[in-house]
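Please open the model in your viewer and keep the sequence panel beside it, since each stop on this tour begins with something to select.

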Amino acid sequence: MIELSQNKDAEKSVLAAVIRDSSTVCPVLLDKISSSDFLTPAHGLIYQAVLDLFSRSAVVTPITIYEELKRVDKVAEAGGSATIASVLDGPPDPINAVLA
């Protein structure tokens, strides 16, 4: 496992990378980062939703993440659509996820 730097911006960078390019980034991070590695619980829930979508070969977008969180009754706990959208404010380069 990689240790996140316990920094919200680093967490957002990882999330932005997996949302923007899940087919490339998820296989790299799957065995390295778990949802419990996130300091921010909402970020961990969003990451888990991405992994769940990826494991089902579903498209990963903010909308499908929201729907996945809704399916498991975790939308409010994850901060809603505003929090999902806010993680995309992080750096756009997927390499940030590997370097975080």
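## The whole chain

Begin with the protein chain in cartoon view and follow it along the sequence, where the pattern reads α-α-α-α-α-α. The model is a predicted one, and its chain holds six helices and zero strands. If you then switch on the surface, you are looking at about 5200 Å² of accessible area, of which 55% belongs to carbon and sulfur atoms. Of the 100 residues in the chain, 40% count as buried. Among contacts with a separation of 6 or more, 66% are made by residues 24 or more positions apart.

## The nonpolar core

Next, hide the surface and select Val 18, Leu 29, Ile 46, Tyr 47, Val 50, Ile 65 and Leu 69, which touch the most other members of the largest nonpolar core, a set of 24 residues. Colour by element of secondary structure, and you can trace which helices give two or more residues to this core: H1 (8-20), H2 (22-29), H3 (41-55) and H4 (62-71). Which of them supplies the largest share of the core? That is H3, with seven residues.

## Tyr 47 and its ring partner

Now centre the view on Tyr 47, which is buried because its relative accessible area is 0%, against a limit of 20%. Leaving aside residues up to four places away in sequence, Tyr 47 touches Val 14, Leu 15, Val 18, Leu 29, Ile 33, Ser 34, Ser 35 and Phe 38. The last of these deserves its own selection, for a search of the whole structure finds one aromatic pair, and that pair is formed by Phe 38 and Tyr 47. Their ring centres lie 5.0 Å apart, and with 45 degrees between the planes the pair is tilted. Phe 38 also counts as buried, at 7% relative accessibility.

## Two helix pairs that involve H3

Two packed helices are described by the angle between their axes and the distance between the axes. Show H2 together with H3, whose axes come within 11 Å and cross at roughly 105 degrees, which makes H2 roughly perpendicular to H3. To see where they meet, display Ser 22, Ser 23, Cys 26, Pro 27 and Leu 29 in H2 against Tyr 47, Val 50, Leu 51 and Phe 54 in H3.

Then keep H3 in view and replace H2 with H4. H3 and H4 pack with their axes 9 Å apart, at an angle of about 100 degrees, and are therefore roughly perpendicular to each other. Here the residues to display are Leu 45, Ile 46, Ala 49, Val 50, Asp 52 and Leu 53 on the H3 side, which meet Thr 64, Ile 65, Glu 68 and Leu 69 on the H4 side. Val 50 of H3 is thus worth leaving highlighted, as it appears in the contacts with H2 and in those with H4.

## Two backbone stops in the loops

Finally, move to the loop between H3 and H4 and select Ser 57, which lies there. Ser 57 is not a glycine, yet it has a positive phi of about 60 degrees. Is this residue, Ser 57, buried or exposed? At 70% relative accessibility, Ser 57 counts as exposed.

From there, continue past H4 to Asp 73, located in the loop that leads from H4 to helix H5 (80-86). Asp 73, although not a glycine, has a positive phi of about 55 degrees, and with a relative accessible area of 68% it is exposed.

Technical notes
Residues are numbered from 1 along each chain as its sequence is written. This is a predicted model: local features need pLDDT of at least 70, side-chain atom pairs count only at pLDDT 80 or more; totals for chains, interfaces and linings use all residues. Side-chain values use heavy atoms; hydrogens and water are left out. Rings of Phe, Tyr and Trp (its six-membered ring) pair if their centres lie within 6.5 Å; planes under 30 degrees apart count as stacked, over 60 as edge-to-face and the rest as tilted. Buried means under 20% relative accessible area, exposed over 50%, partly exposed in between (1.4 Å probe, protein chains only). A nonpolar core is a set of buried Ala, Val, Leu, Ile, Met, Phe, Trp, Tyr and Cys residues joined through side-chain atoms within 4.5 Å. Helices (H or I, at least four residues) and strands (E, at least two) are DSSP runs, numbered from the N terminus. Contact means heavy atoms within 4.5 Å. Accessible areas come from the Shrake-Rupley method with a 1.4 Å probe; for residues, only the protein chains shown count as cover. Axes are lines fitted to C-alpha atoms, for helices over the stretch in contact, and angles run from 0 to 180 degrees between N-to-C directions. Angles under 35 degrees count as roughly parallel, over 145 as roughly antiparallel, 65 to 115 as roughly perpendicular and the rest as oblique.
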